[in-house]
Amino acid sequence: MPARPLSDETLYLIDAVRAALAQRSDGDERTMFGCYCFFVDGKLCIGVKGEELLVRLPPDRHPEFQEMQNTRELSPGGGMKGYFWIEPNGYSTRTQWSFWIDTALAYNPQAKATPPRKSSAAKASPATKKPGTATKKKPATKRHSIFEADD
């Protein structure tokens, strides 16, 4: 099924985050779980989904961010401490925007990186593999056509 085109508001927000991170040489962009994500130093830092901003913040300050207006926990069950959705009214001024971007970037050096997943073929021990079977490689994931020109 082809990907749905992104709204103008979403594209504008993605460009704004991209501009905020433009001075960094350790950034990477990719999609995860329907969210356009920005990684800094190999760690998820900021994401965009629709008109909402996903920010990764210090888990020890979770209760503080939880009480702020226009914020919503990524995982209300408590499984993802420090991850918050920020609604458009929460980043509509330069001061608000800078607060979220700067706080996410300040926390990034202390954030733990998710270790890369091993492919299922690599997990299987040589004794369990059938001799003479080739390992299939997954096709490379293609970014949404809107972003192809940004490579």
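## A first look at the sheet and its helix

Helix α3 is a good place to start: its 14 residues reach 20 Å from the first C-alpha to the last, close to the 20 Å expected at 1.5 Å a residue. Please keep in mind that this is a predicted model. Helix α3 (residues 94-107) packs on a sheet, and that sheet is an open one made of six strands.

**The sheet as a whole**

- Reading across the sheet, the strands come in the order β1-β2-β3-β4-β6-β5, with antiparallel pairing.
- The edges belong to β1 (27-32) and β5 (71-73); each has a single partner strand, so one side of each is left without a neighbour in the sheet.
- From one strand to the next, the twist averages 25 degrees.
- As a general point, strands of a sheet pair through backbone hydrogen bonds.

**How the strands are joined**

- Strand β3 (residues 43-49) and strand β4 (residues 52-56) run antiparallel and are joined by four bridges.
- Within this part of the sheet, I46 stands opposite V55 in β4.
- Four bridges also link β4 to β6, again in an antiparallel arrangement, and here R56 has Y83 of β6 as its bridge partner.
- Between β5 and β6, which run antiparallel, there are three bridges; E73 has F84 in β6 as its bridge partner.

**Helix α3 against the sheet**

- Helix α3 touches β2 (35-40), β3, β4, β5 and β6, and its direction makes about 30 degrees with that of β4.
- The buried residues in α3 are W97, W100, I101, T103, A104, L105 and Y107.
- In general, residues three or four places apart in an α-helix point the same way, because there are 3.6 residues a turn.

**Strand β6 and I86**

- Strand β6 is covered on both faces: Y83 and W85 are buried on one side, and F84 and I86 on the other.
- This fits a general pattern, in which the side chains of a regular strand alternate between the two faces of the sheet.
- I86 lies in strand β6 (residues 83-86) and counts as buried because its relative accessibility is 0%, below the 20% cut-off.
- Leaving aside neighbours within four places in sequence, the contacts of I86 are E51, E52, L53, V55, N70, T71, Y91 and W100.
- One of these, N70, is 16 residues from I86 along the chain, yet their C-alpha atoms are separated by 5.9 Å.

**T10 in helix α1**

- T10 sits in helix α1 (residues 8-20) and is buried, with a relative accessible area of 6%.
- Beyond its neighbours within four places in sequence, T10 is in contact with V48, G50 and E51.

Notes. Residues are numbered from 1 along each chain as its sequence is written. This is a predicted model: local features need pLDDT of at least 70, side-chain atom pairs count only at pLDDT 80 or more; totals for chains, interfaces and linings use all residues. Side-chain values use heavy atoms; hydrogens and water are left out. Helices (H or I, at least four residues) and strands (E, at least two) are DSSP runs, numbered from the N terminus. Buried means under 20% relative accessible area, exposed over 50%, partly exposed in between (1.4 Å probe, protein chains only). Contact means heavy atoms within 4.5 Å. Two strands pair if DSSP finds at least two bridges between them. Axes are lines fitted to C-alpha atoms, for helices over the stretch in contact, and angles run from 0 to 180 degrees between N-to-C directions. The expected span of a helix is 1.5 Å times one less than its number of residues.
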